[in-house]
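Colleague: I am new to reading structures, and I would like to know how the labels are earned. Could we go through this one together?

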Amino acid sequence: MSELLEIRNLRLEGRSDEQWNPIINGVDLTLKKGEVLGLIGESGAGKSTLGLAAMGFTRDGVRISSGTVEFDGIDLVNASAAVKRGLLGKRIAYVAQSAAASFNPAHKIIDQHVEAPVQHGVESRAASIKDGIALYERLRLPNPGEIGFRYPHQVSGGQLQRAMTAMAMSCRPDLIIFDEPTTALDVTTQIEVLASVRDIVEQFDTAAIYITHDLAVVAQMADTIKVLLKGDEVETAETREMLSSPKEDYTKSLWAVRSFERPTKPAVNTGATPVVSIRNVDAAYGTVPVLHDVSFDIHEGRTVAVVGESGSGKSTTARCITGLLPPKKGEVLFDGEVLPANYKQRNKHQLRQAQMIYQMADTALNPRMAIGQIISRPVQFYTGLTGKGLRRRVDQLLDQIELEPDQYYNRLPSELSGGQKQRIGIARALAAEPKFIICDEVTSALDQLVAEGILRLLAKLQDSLKLSYMFITHDLATVRAISDEVVVMKEGRVVEQGEKRAMFTPPHHAYTDLLLSSVPEMDPDWLTNLLNERGVDNIGDAAVGKM
Amino acid sequence: MGNVSSIIFQRLLLGLVTLLIVSIVIFVAVNLLPGDFAELILGQGATPEAVSTIRRDLGLDQPLIVRYMQWLGGIATGDLGTSFAQLNFKTNLGGAGDVGVIDQILPRLSNTMFLALVTAAIAVPLAVTLGVLAALFRNTVFDRVANVATLSSISSPEFFMAYVLILFLAVLNPILPSLSNIFEGMSFTERLEKSMLPALTLTLVVTAHMMRMTRAAIINLLASPYIEMARLKGMSPMRVIVKHALPNALAPIINVIALNLAYLVTGVVVVEVVFVYPGIGQLFVDSVKIRDIPVVQACCLIFAAAYILLNLTADILSILSNPRLRHPK
């Protein structure tokens, strides 16, 4: 039987700094009808570029320099634009990372759904709408008959992602490219999308390329896994074989990330004054209540992980502690003393004790200031050092975050990688010599290996400087790796809190249980088993209940 | 929809407030003009007695605030006052009855509106179509030619464009009349023919701005994920731009169109003079010359209202072009 998709020695180049630089260096790929290939690698590995090239599509500033892409015997590299347009949407479809950005905000979902079938002459508008509703039903969207007639902004992210999968299915294509379709979703939503994607791909015997940086996710979806590193193929193997016995060192290192875990610290002495104590805090944005009676303590040298889905009030709690959002009720204590609710009323000493590290290091660093300046400012502000003393202190901070001072002092943030930028964020927080740091999703935007480096650095700094962390995250693997205590939040309330060990051993609060069991595991049977365990209806209910 | 109507109501209210502030500015500014009607009209014979008599007759001896309140009260009841120049006629020649500012302005205003509408009917579709095509064929010869042509026409003085058009369309090829003497009782087609040359001149002046904004607003969106999605669904480039990019680019385009329409109502004096078109711009300039304050003030107020109204309409339309506001969650 001939292959559906055959890519031979494909090379792609991207234009930057006035020259063409290689992105993909000669990758081969074969896909049979109905087969699912997992494409995995860090950001910059060229996964998306390769995925798009499989459709004969390149983004602006990217070109195919050599090699062949053959889809069902059609040469996509040399095919005319019209021939490719005839295939795209009809026989090859695409599901993008962010459905919220990839649906046109100006048109109703169903109008975008029927566009491909109608324009390609596959079926009439009426037939396509009927089919769309059937697909929505199959994908377990709530109110399938009605949801398509809404605008994209009126539908939640997880629902949109499923609607986009339905849209890709509208012409019953032979091949679908899934480009990180669940990366932007919460774990609980991710499961629903994964389950429906897998179900529908099996149902229609569609071949698929599933692009992701999450091994555990790809393990659930793919028959075969291909690992990419900086545009080169590292290895390709059948999923179970790849998981049980990876051959290359790089693949093994990817597997190893999830094994990082800090040793358990001794319990806190009863009666010790916590560094930060949040007592019965209620907060609201305008008249919309966000936090309800939130209380927890953070002790010296310990890490409290605050977990929950987006919108659960994690970051709002951080804003209350820093005084950016004065609470409506309740108080925040630092070393046993009540802090003024508004940061404007806090003195310099109170301000320096609590620092923040942000999720997007990209936007949290001033792009026009050199690294040295970025770190100097808080040092100067809080310690009054100037001249040589200031420079010495900045160098010391750069040393602490494991960046060579002479090499980095004069660089701009744009010349740094994502992980390095996040380290600068850490140095800036350390510059104030705080006792307490709020880390707001600091590793969410980073690749696993880089994220692990940041976690290890934070752990080291905690040990040497006796820092306390409040670690906001939605990633339970990170929680497992770094935390001492865990606070689980849902809809602005603390639903459960306690020592990490206690939290990760049953019995849990029902919601904690849902969160924990939703974290994908490396076992390729995990999703199947979980769905059986929960009962399919249960998942649908969870989906509806969440919205 | 309650959301949208309350926004519209707010904007309308704000527009009224703006108009009130503008009326103060106009009044003060006009009264700061050096020289006055009395001195100007009496010329050499401006004895202090004669001047003060005329001033008293016209109410110019009253304090500024009183005059402003009288003026404002007049506006509220639809009375924009009486033209000094016409008043003068009556007292000297015993003419028949007062000619109010309104009676003087209305025919001129309707001529100007007619010209503006004809121009808009040509320029707006032309500019948007050119903009869409320029975006579609961006960085091609068509794009460059369209850009260079429209930019040169906007960069040349209006009267120059007017004379070039007269040369080619009225003198060398006598297709259109070079004089636009419009009067009452003309048929629509006749009017249209007479005002075609000024309308074409104005089209050349306003097209570039609108076209370039259309092009830029569309190209701005071409990197968005939903545009890529439309391409990956195999949609034709034309459909991607017209169906997927244009609806999301409407807000800035509408705003630029409104600004240009406002210009068509308020800024066409030069073109009117070239074609002897009896519009409000000429009346305005003549009135300033003879310090005919009521007419000047009324014209200013109409110009301000046109600006405010058109921008308000643009605001409301751009709000309506956003489905997030039309269909709240």
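Modeller: Gladly! This is a predicted model, and the mean pLDDT of chain B is 86, with 95% of its residues at 70 or more.

Colleague: What makes some parts of chain B more trustworthy than others, and where is confidence lowest and highest?

Modeller: The score is the predictor's own confidence in each residue, from 0 to 100. Helix H5 (residues 84-93) of chain B has the lowest confidence in that chain, with a mean of 59, while helix H11 (residues 225-232) of chain B has the highest, at 94. Where pLDDT is low, the predicted coordinates should not be read in detail. For the model as a whole, the scores are ipTM 0.79 and pTM 0.78.

Colleague: How many helices and strands does chain B have?

Modeller: Chain B has 16 helices and zero strands. Its C-alpha atoms fill a box of roughly 85 × 60 × 35 Å along the principal axes. Of its 329 residues, 35% count as buried. Among its contacts between residues at least 6 apart in sequence, 73% join residues at least 24 apart.

Colleague: Now the two chains. How do you know which residues of chain A are in contact with chain B?

Modeller: Two residues are in contact if their C-beta atoms lie within 7 Å. By that test, 24 residues of chain A are in contact with 16 residues of chain B. On the chain A side, helix H2 (81-87), helix H3 (99-102) and helix H4 (109-119) each supply at least two residues. Sorted by class, this side has twelve nonpolar, nine polar and three charged residues.

Colleague: A:Gln119 lies in helix H4 of chain A. Why is A:Gln119 called partly exposed?

Modeller: A residue is buried with 20 or more other C-beta atoms within 10 Å, and exposed with 12 or fewer. A:Gln119 has 18 such neighbours, so A:Gln119 falls in between and counts as partly exposed.

Colleague: Can we try that on two loop residues? What makes A:Glu433 partly exposed, and why is A:Lys466 called exposed?

Modeller: A:Glu433 has 16 C-beta neighbours inside 10 Å, which is between the two cut-offs, so A:Glu433 is partly exposed. A:Lys466 has 12 other C-beta atoms within 10 Å, and 12 or fewer means exposed, so that is the label for A:Lys466.

Colleague: Where do these two residues sit, and what is the phi of each?

Modeller: A:Glu433 is in the loop between helix H18 (418-430) and strand S17 (436-440) of chain A, and its phi is near 50°, a positive value in a residue other than glycine. A:Lys466 is in the loop between helix H19 (448-465) and strand S18 (468-473) of chain A. The phi of A:Lys466, also positive in a residue other than glycine, is near 55°.

Colleague: How do you know that strand S11 and strand S12 of chain A pair?

Modeller: Pairing takes at least two bridges. Strand S11 (residues 276-285) and strand S12 (residues 288-298) of chain A have seven bridges, so they pass, in the antiparallel sense. Across this pair, A:Ala283 stands opposite A:Leu291. The hairpin has two residues between the strands, and A:Gly286 there takes a positive phi near 60°.

Colleague: What makes S2 and S5 of chain A edge strands?

Modeller: The open sheet has four strands in the order S2-S1-S4-S5 (chain A), with antiparallel pairing. Strand S2 (19-31) and strand S5 (74-75) of chain A each pair on one side only, and these are the edge strands. Strand S4 (residues 62-71) of chain A is joined to S5(A) by two bridges, and A:Glu70 stands opposite A:Asp75 in S5(A).

Colleague: Last one: why do you say the largest nonpolar core lies between the two domains of chain A?

Modeller: Chain A is divided into domain 1 (5-258) and domain 2 (276-515). Both domains give residues to this core, so it lies between them. The core has 207 residues, and A:Ala163, A:Ile209 and A:Tyr210 have the most contacts inside it. Chain B takes part too: helix H12 (residues 237-266) of chain B gives the most, with 14 residues. Among the residues that A:Ala163 touches are A:Ala99, A:Ile109 and A:Tyr136.

Key
Residues are numbered from 1 along each chain as its sequence is written. Chains are lettered from A and ligands numbered from 1 in the order in which they are written. This is a predicted model: local features need pLDDT of at least 70, side-chain atom pairs count only at pLDDT 80 or more; totals for chains, interfaces and linings use all residues. Ala, Val, Leu, Ile, Met, Phe, Trp, Tyr, Cys and Pro count as nonpolar, Asp, Glu, Lys and Arg as charged, and the others, Gly among them, as polar. Domain bounds come from an automatic or database domain assignment. A nonpolar core is a set of buried Ala, Val, Leu, Ile, Met, Phe, Trp, Tyr and Cys residues joined through C-beta atoms within 7 Å. Lists of a residue's contacts leave out its neighbours within four places in sequence.
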